[in-house]
Amino acid sequence: MHEVIICEKPSSAEKIAKALSPGAKKKVYNKKVKYWELTRDSKDITVVSGVGHLYSLVPEKSKRYKVSFDLHWAPSHEVNKSSSYTRDYLRTIKKVGKNADSYIHACDYDVEGTLIGFNALKYACGEDSLSKASRMKFSTLTKKDIIDAYENRIDIDMHQVDNGIARHILDYYFGMNISIALSNSVRKTKHRFLKLSVGRVQTPTLSILVKREKEIREFVPEPYWVIRAILDFEGIEIKHVAGNIFDRELAEEIFNKCNGKDAVVDKINFTNSKTRPPVPFNLSGLQAEAYSVFGFSPKRTQIAAQNLYSAGYTSYPRTSSQKLPESLGFDSIFKQLSANPEFKKHISKLPSKLVPHNGRKDDAAHPPIHPTGILPKKLNSDEQKIYSLIVYRFIAVFFESAKFETMSATLDIEGEKFRFKRRRVTHKGWMEHYPFKKIDDEKFPDVQEGDIMSVKELISDEKETKPPARYNQASLIKELEKKNLGTKATRADIIDKLYDRKYIDGTKIEVNQLGENLIDTLNTYCDNLTSEELTRDLENKLEGINQDKATKESVINEGEKDVKEILTDIDKNVNGIGSKLYEAYQASNIVGECKCGGKLVKRSGRYGDFVGCTNYPDCNVTYSLPRNASIIKSTCERCGLPMIIAGKGKNKQEMCLDPNCGKDKTKPHDPKVVGECPKCGKDLLKRSGRFGDFVGCSGFPKCNFTCSLEELESKLK
């Protein structure tokens, strides 16, 4: 009897094969793809994997690159050249999966993983395979959990399958169809091709950022005053109880009244407080903490956490849960972790009864992120940091609260009340075992009620109110989670896509002109696409499929109706939309001014990126850009053109956009420049090659002139 187990990734396939049989034999298909063969319970088992999605949605051939609602699944390598690496994995599944007696779906237990395995079974192994298939459900890739999942297989959750199919179809409708329609509006209006990107969640996310951008820009600062005094005793600083004083006259009155006077300690209070342990990590919690502690982007954290899961060191990362179940076997995990001396220092002090401080959020599919107990052999820097964060958080949630004592003192200066506070730790509790948390432990000054304190300096600080803070990637993920936009698995990818599309930039996220104008244009002509309510409503309906409250067909039909309304709005306003989007694109790509008075704009051409004048064809000034070059904000001191950074690694250098700039005696001679190219007039550079030194044109690859040093010398003579 032959059984085939289909996994999501090669690392998972290896883990599962070796867990089911230590003697599993590695096989290789086409010298590229590994799969595993083993025997268990008198069955010949083959464990094979994909590499994520092996199939993608495409329209019918006649409608390719046009708006379409008629879609089908096709092999990813046929749809996109960048997915060519999936070809051999798909062929391997087809080879080993043909005519098997039974199949096991062992991809990640979430909507995406379920769809990946379902499509592999249906299209690679044949539709008949579905009737012979069962499902493994596991949250860690430990031997114990894998064997338990194998021996207690369940049916494939068709609600998850339908959710995944509906989600992908809606993403195509909102993303591809509307992006095509917007690009076509520019082509029809301006006869220019402009690649634009919108999406069901991507566009409302960009809209949130644009709204914040406008709030910051339109913010009018308001002056206020803070009055504080430095005491001539241990440098204690006290502040007026009014806090921010927005009345200048009142601030001056208080300052003049108190200036040069002593302070009298009016009242001292001591209070006790507790800080409860943190809750276990879910994905958004881990991403927020990793950003706060290490400055990691959510995507960077997610990649490291996924690698740790695939290696069997931590549990499945894409979870919403903050509740650790006892079934995990806390004692066993801590026993294994204690083999690490650093972890053991903290584990040895755990209370005898292990009760975690759980959060409110739950996830039926997976528990919170936690260590499996298996200690890593080798990790890269990112993985080591994320692993330590996960382990110490797991340890900390079992400890008692930290306890603090707070001293609050009120002082009187000529009838005006001032205050200071100090807080010290009386019991470190969980904070002693979580090295990523700073502990407040201030010294209490020795003062008593009625003490007269000399004021060393009285200060009136004039300040201004500040605009709302810009989002960073971690705070934006929290905002998306709060608004129920996107899923725990997709939010980091959505933010990455906005960066890739050049709509946003910076660690403190700024929206560029193209991103802002795109949202403004959509708000003017088809605001449904930027609507959080529409996206949230569809997200709730998609989740309703899992709960049997909605059907795949009803959700898809509703989404199709919404998209068609948006497409109708675009078609009605094609000229206005096309003109505004093209103007926004040009404005966002302006890099400087041309001598003719026009604007220099970054463009893409047949031979790569270049900078050209907006007054073309009257002005034909162009500057080619080296591959992977980036334009920076500084300008050339010699000619005023923008500066660029080009090259890689040690060869990376800053230079003027104009390669001919400074070719006079005022510019220091570059020793690599040995002459002028007879073919195009650009610099000839001395280079080193496989067969020795030679001379080549700096305009390569457009100009491919080369010659030997001897030939150059003879020509110069």
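**Salt bridges across the chain**

Let's start with one residue: Glu432 is partly exposed, with a relative accessible area of 39%. In this predicted model, Glu432 has a partner, because its side chain meets that of Lys349 in a salt bridge, with 3.7 Å from N to O, and that is within the 4 Å such a pair needs. Where do Lys349 and Glu432 lie? Lys349 is in the loop between α12 (341–347) and α13 (381–396), and Glu432 is in the loop between β13 (416–427) and β14 (452–453), so this pair ties together parts 83 residues apart in sequence.

That's one example; searching the whole structure turns up 42 salt bridges. Take Lys9 and Asp108, whose side chains meet at 3.8 Å, N to O. Both of these sit in loops too: Lys9 between β1 (2–7) and α1 (10–20), Asp108 between β7 (102–105) and α4 (111–124), so parts 99 residues apart in sequence get tied together. Are the two residues buried or exposed, or partly exposed? Lys9 is partly exposed at 22% relative accessible area, while Asp108 is buried at 3%. Lys9 and Asp108 also belong to a network, in which salt bridges with shared partners join them to Glu8, Asp110 and Arg318.

Now hop over to a pair that sits in helices. Glu516 and Arg217 form a salt bridge, and their closest N and O atoms are 2.5 Å apart. Glu516 belongs to helix α16 (residues 513–525) and Arg217 to helix α7 (residues 202–218), so to speak of distant parts of the chain is fair: they are 299 residues apart. As for Glu516, its relative accessible area is 10%, and since buried means under 20%, Glu516 counts as buried.

Note on methods:
Residues are numbered from 1 along each chain as its sequence is written. This is a predicted model: local features need pLDDT of at least 70, side-chain atom pairs count only at pLDDT 80 or more; totals for chains, interfaces and linings use all residues. Side-chain values use heavy atoms; hydrogens and water are left out. Helices (H or I, at least four residues) and strands (E, at least two) are DSSP runs, numbered from the N terminus. Buried means under 20% relative accessible area, exposed over 50%, partly exposed in between (1.4 Å probe, protein chains only).
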